[in-house]
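Here's a pair of exercises to work through with the model open in your viewer. Try each task before you peek at the solution.

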Amino acid sequence: MDKDFKVEITSDVKKVTKRIAFIKDRDAARVKKVDEDMVMTFPNLVIREIIAFQVMVIVLVLISLFVDAPLEWIANPEHTPNPAKAPWYFLGLQELLHYFPPVVGGVLLPSLAVIALIVIPYFKINLKKDGLWKELPRQTLTGFLIFVGTVSLVLLLFRVYAMLVPTIIVSTFMLIPYFSKRNNIFIEWLGSRPLSWWIMTWFVIIAVVLTTIGTLFRGPEWSWTWPWQRIY
Amino acid sequence: MKKIFDRLVRSQVWRSIFRHGLPESNRTRAEAIFFNFFFHLHPTKVRKRSIKFTYTWGLGGISFGLFIVLVITGALLMLYYRPSVPQAYGDMKDLQFVVSSGQFLRNMHRWAAHAMVAIVFLHMLRVFYTGSYRPPKEFNWVIGVILFVTTILLSYTGYLLPWDQLSFWGISVGTNMIRAMPFGIGEMISFLLLGGNIVGENALVRFYVLHCFIIPVAAILLMAIHFWRIRKDGGV
Ligand code: HEM
């Protein structure tokens with residue numbers, strides 16, 4: 001068949017009384033989407049929820065049987081441990097405090113991160129599904145270079161290599177589809193990532209790197225310490 | 001056997017509780033969902049695509065499951081715990097050496113709490129990378145971010161309760177970060193939170209009330225809205 005449409009006849013009276021539909025091949029995905037497959041919640045979803053819950057409880061019980069929650073000496077305000085660390089999910093922040101003044105590292109940056117997360121769905125830029133270089137690639141490149149350049153410079157000034165290195169790596173990956181002459185699946189995939197995807201990925205990588213450094217690589221006076229060098 | 005079972009399912013007592021027969025037809029399967037208080041947040045039918053494990057990775061559901069485990073183990077821990085100095089620490093030692101399965105109970109609560117912070121974060125990433133924050137789900141995303149902050153606060157307020165060196169200095173470091181807020185706001189918030197200028201017994205009582213009552217109630221309310229909105233926004 002070299003026509004670009006198919007003829008289908010539906011007999012489902014609940015949907016249409018009588019109709020001949022011309023479904024063009026290239027529209028097929030859309031048509032499928034409107035008419036999505038549904039299944040009964042009971043048992044299909046309920047059984048999955050129960051299994052997921054049980055697996056989670058089993059894993060938790062196993063961990064709890066073999067690893068004890070820590071308990072140190074009774075709190076003593078006179079005796080400051082070195083270093084004094086917050087719980088792990090704040091160690092990324094504590095790591096920021098090591099580089100920036102407290103108002104920036106402890107207040108400004110975390111507040112900005114939470115606000116940025118909250119407003120994500122309200123900005124057009126985050127709703128776009130097109131790849132970064134799809135529209136106005138020239139202007140995008142200029143804006144991109146100015147932004148990344150400024151950020152990198154600030155990070156260099158404060159010597160925040162833990163953020164600078166991920167920034168440069170992510171930017172490089174962003175530039176590959178723009179400059180690359182060759183094309184393969186990977187480059188094509190990179191090129192199809194929208195801007196919001198890149199920003200979130202950059203944010204997550206930095207959060208993970210900072211938290212890991214704060215948790216595993218910081219010793220007395222917040223100096224760089226390998227995990228196996230720690231005495232406590 | 002089957003006969004006894006059938007009789008049971010048809011009895012008035014059973015029917016007064018469940019109001020429907022065994023879920024053998026699509027009609028009774030639907031009834032199993034919407035006649036059940038715990039399931040009625042679910043629609044009777046769901047998209048095949050959205051219950052595929054590799055779409056959600058079950059992360060939202062597991063976050064909720066961890067919360068339930070935390071409520072149960074937390075209530076049991078409350079039976080043995082007094083939020084005062086130095087009893088709090090002594091009670092931890094008692095849990096460790098005197099209460100039967102006390103250490104196990106504490107372990108469950110502790111590891112579930114850490115896991116919940118991580119899993120909720122991963123759930124947020126899943127929602128982002130599947131683009132599920134797009135209209136009409138944008139407000140549920142906002143509630144989600146607030147839930148994430150709530151989860152961290154829950155974990156953080158619990159961190160002080162054992163009253164050991166980890167607790168004390170962990171909370172001291174955190175409240176010092178708050179103090180860095182400009183225009184005296186930081187000082188004010190930290191004073192309000194600690195009931196004083198240092199991490200002492202007042203702080204312990206405040207963190208206890210926040211941890212065991214105020215924040216969990218807020219979290220439950222937010223979760224209820226979160227789940228209800230998933231339905232209203234057209235499902236996952
Ligand atoms: C205590 C924390 C949370 C709990 C218990 C929770 C629970 C759930 C559950 C059970 C679902 C159904 C689908 C799934 O399992 O993935 C869901 C969906 C959703 N969650 Fe959460 N969630 C929490 C936190 C968050 C956070 C931090 C965000 C984002 C910032 C968020 C945003 C959403 C959105 C937008 C949906 C709809 C997703 C879709 O339609 O595909 N939630 N949540």
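**Exercise 1.** How many salt bridges does the rule find across the interface of chain A and chain B? Then work out what the contact is made of.

*Solution.*
1. Search the predicted model for salt bridges between chain A and chain B: the rule comes back with zero.
2. Now try polar contacts, with both residues at pLDDT 80 or more: 28 residue pairs turn up across this interface.
3. Check which elements of chain A give two or more residues to the side touching chain B: they are β3, α2, α3, α4, α5 and α9. α2(A) gives the most, with 16 residues.
4. Sort that side of chain A by class, and you get 44 nonpolar, 10 polar and nine charged residues.
5. Add up the area: the two chains bury about 6200 Å² between them, with 75% of it on carbon and sulfur atoms.
6. Look at the strands, too. β3(A) runs antiparallel to β1(B), joined by three bridges, and A:Val39 has B:Val46 as its bridge partner.

**Exercise 2.** Which residues are closest to the ligand, and which polar side-chain atoms can you pair with it?

*Solution.*
1. List the shell: 25 residues surround the ligand, and the closest are B:His123, B:Arg126, B:Lys137, B:Gly144 and B:His226.
2. Start with ligand nitrogen. One such atom sits 2.9 Å from a side-chain N or O atom of B:His123, and for B:His226 the corresponding distance to a ligand nitrogen is 2.8 Å.
3. Move on to ligand oxygen: B:Arg126 puts a polar side-chain atom 2.8 Å from one.
4. Map the shell onto chain B, where α5, α7, α8 and α11 give two or more residues.
5. Finish with the classes: 13 nonpolar, 10 polar and two charged.

Methods
Residues numbered from 1 in each chain as written. Chains lettered and ligands numbered in written order. Predicted model: local features only at pLDDT ≥ 70, side-chain atom pairs only at ≥ 80, totals over all residues. Heavy atoms only, no water. Buried area = accessible area lost by both parts, 1.4 Å probe. Salt bridge = Lys/Arg side-chain N within 4 Å of Asp/Glu carboxyl O. Polar contact = N/O pair within 3.5 Å; in protein donor to acceptor, adjacent residues only side chain to side chain. Helix = DSSP H or I, 4+ residues; strand = E, 2+ residues; numbered from the N terminus. Nonpolar A, V, L, I, M, F, W, Y, C, P; charged D, E, K, R; others polar. Pairing = 2+ DSSP bridges. Near = heavy atom within 4 Å.
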